[in-house]
Structures are given as structure tokens and as C-alpha cells.
Amino acid sequence: MNLRMADFLGKKKTVTAAFFFILIILGAFFWSLRQQKTSQTLEHLSDQLSLALDNQLDKERETALRFALILGKNAALGAALENDDEDLGFKILSEVMGSIKIHTNVLIRSQVITSDYIIFTRSWDRSYAGMPLEYFRPDLLYFQNHRKPRSEIEVGRKLGVKATVPIYNKGNMLGFVEVLSFFEPTQEYFDRLGIDLYILMEKRFYNTAVFMQENPTIGNKYILANSKYTQNDIKILNGID
């Protein structure tokens, strides 16, 4: 019989934000613990997993911020934003992201937002250019009083890591460049360890996270944020109090 431990990282401990919970299911990878599954062993294992998770999320935030800072210094991209040239902005952004994908095999999603919170362009999709984001992105109000870039786990139209860097020209804010990540690197890390990582968002964010409204609900409180899941995953999650 395989050992399976479900742990909200210390009795439903939140990770970096009140709306964000992590659920870790340990399967066959830890079968050897079956003979020594004392509470002390499980507590130590939980602490190690919590530390590993925090480290991975920090790396994900740092990587997103690093790319966003580089894009924020792209003079051609800033000029395209200032001149409201969406076609040129898309060309620059998609070419930079394509080059990163070719040379590093890392898929980076990035977007540029105007100072009045309208999508200027995205590296992966042109269809949303011109869409207002003010309702979905109250976090951008932070930059009304701050110039410092930030990289946080945020609920927008989807739960994920957003690294946001304001773009200025001669002291005037033109808008923002963002790099988005949806926990893929963190999930891949735990996949390599044989660990299933589930990301749950509180249902009170349902109206904001419009791209997650078709995702499965878990109990009465949560929405599953994972992009890939099976019916067995849903069954496991709904079986945990």
C-alpha cells in the first residue's frame, strides 16, 4: 500500500497570499516511509516540502521579474507604446519572446499595458489588444504612488505570478510591461520528484478570475487553478476535508 499524505503545508497554511493554497499529494515516491510514518517523520517531510515550495515560488517570481526588467528597458518597445503603434509593439514583443524560446527552450508570456490600464499588446495573442483591465487588475493602482517594480502572486483574469515593471519616458509613465507565469516551473519541479502539486483559489475571486470560471470547484470554497488535471485528481481533492 502506497503512502499518500495530504497536507495544506501545515494545516491549510497560506503561501504568500491569503487567497492562495497549495495542496501536495505524495504517492509512490515516498513508499519507503510506509514503515516509519511517525508524526515526527511526516512533520519533518512537510517542513521540507514547504521550504522547497517557497524556494520554487521565489525563483518563479524572480525569473519573471528579471525578464520584465529587461523588456522595460527596451527603447523600441517603449517608443511603440508612446506612439500607440500596436502592430510594432506586437512585432517587437513576439520576436523577443520567440528568441528566448529558441535559445533557452523557455516559454515566456509577456504583455504591455497602457497607463490607463488597457492591453496594448501581448506576445502570444493579438486579439485582446484594446481590452480594458481596470476591473480585473486593482493591483496596478499600486503604481500610482510607487515606481518600484513588483513580482507577486496575483488574481487577475487568471491566478498566477505577475512581474510588473512601469515604463517611463522623461518622468511620464507610459504604461507597464508584464511577464506572466502560471506555476508551470514549480509544477514541473515537483513532477520530477513524483509529487502532485494542486493549486487552489478561493471562490470569492470567481468574478475576477474569468478565465478560471470553467475550472472544477473543490468543495464549497475553492477553484482548481491547475491547467492539467484528471477526474481522479478531482476525486482525491474533494475527498480531503
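Reader: Let's start in the sheet. Which residue in strand 7 stands opposite Val161?
Author: Bear in mind that this is a predicted model. Strand 6 covers residues 159–169, and nine bridges join it to strand 7 in an antiparallel run. Opposite Val161, in strand 7, stands Ser181.

Reader: And what is the bridge partner of Tyr168 in strand 7?
Author: Strand 6 and strand 7 form a hairpin, with two residues between them. One residue in that turn is Lys170, with a positive phi of about 55°. The bridge partner of Tyr168, over in strand 7, is Met173.

Reader: What about the other side of strand 6: which of its residues stands opposite Glu154?
Author: Strand 5 is joined to strand 6 by six bridges, and the two run antiparallel. They also make a hairpin, with three residues between them. In strand 6, the residue facing Glu154 is Gly160.

Reader: How many of the eleven residues in strand 6 are buried?
Author: Across the protein, buried residues make up 46% of the 241 residues. Strand 6 itself is mostly covered. Out of its eleven residues, the buried ones number nine.

Reader: Which strands stand at the edges of the sheet?
Author: The open sheet has five strands in the order 4-3-7-6-5, with antiparallel pairing. Each edge strand has a single partner strand, so one side is left without a neighbour in the sheet. Those edge strands are strand 4 and strand 5.

Reader: By how much are neighbouring strands of this sheet turned against each other on average?
Author: We're still talking about the open sheet in the order 4-3-7-6-5. With direction ignored, the average turn between neighbouring strands is 30°.

Reader: Which helix packs on the sheet?
Author: Look at residues 86–104, which touch strand 3 and strand 4. Their direction makes about 40° with that of strand 4. The protein has five helices and ten strands, and the helix packing here is helix 3.

Reader: On to the rings. How far apart, centre to centre, are Tyr135 and Phe136?
Author: The structure holds six aromatic pairs. Tyr135 and Phe136 form one that is edge-to-face, with 85° between the planes. Centre to centre, the distance is 5.3 Å.

Reader: Is Phe136 buried or exposed?
Author: Its pair partner Tyr135 has a relative accessible area of 57%, which makes that tyrosine exposed. For Phe136 the figure is 16%, and the cut-off is under 20%. Phe136 is therefore buried.

Reader: What is the angle between the planes of Tyr142 and Phe143?
Author: These two rings also form an aromatic pair, and their centres are 4.9 Å apart. The pair counts as edge-to-face, a label that calls for over 60 degrees between the planes. Here the angle is 90°.

Reader: Is Tyr142 buried or partly exposed?
Author: Phe143 counts as buried, at 5% relative accessibility. Tyr142 has a relative accessible area of 24%, while buried would need under 20%. So Tyr142 is partly exposed.

Reader: Which residues do ring pairs link into a cluster?
Author: Tyr142 and Phe143 pair with 4.9 Å between their centres, and both belong to the cluster. In full, the cluster is Tyr117, Tyr142, Phe143 and Phe176.

Reader: Why would a positive phi at Tyr117 catch the eye, and what is its value?
Author: Most residues other than glycine have a negative phi. Tyr117 sits in the loop between strand 3 (109–114) and strand 4 (119–122), and is buried at 10% relative accessible area. Although Tyr117 is not a glycine, its phi is about 65°.

Reader: Where does Phe183 lie?
Author: Phe183 is not a glycine, yet has a positive phi of about 70°. With a relative accessible area of 2%, Phe183 is buried. Its place is the loop between strand 7 (172–181) and helix 4 (184–192).

Reader: Which ring does the charged end of Arg157 sit over?
Author: Lys158 lies over the face of Phe182, 4.5 Å from the ring centre. The charged end of Arg157 is 5.1 Å from the centre of its own ring, where the cut-off is within 6 Å. That ring belongs to Tyr128.

How values were computed: Residues numbered from 1 in each chain as written. Predicted model: local features only at pLDDT ≥ 70, side-chain atom pairs only at ≥ 80, totals over all residues. Heavy atoms only, no water. Phe/Tyr/Trp six-rings, centres within 6.5 Å; stacked < 30°, edge-to-face > 60°. Buried < 20%, exposed > 50% of the residue type's maximum accessible area, 1.4 Å probe, protein only. Lys NZ or Arg CZ within 6 Å of the ring centre and 35° of its normal. Helix = DSSP H or I, 4+ residues; strand = E, 2+ residues; numbered from the N terminus. Pairing = 2+ DSSP bridges. Axes fitted to C-alpha atoms, helices over the stretch in contact; angles between N-to-C directions. Contact = heavy atoms within 4.5 Å.
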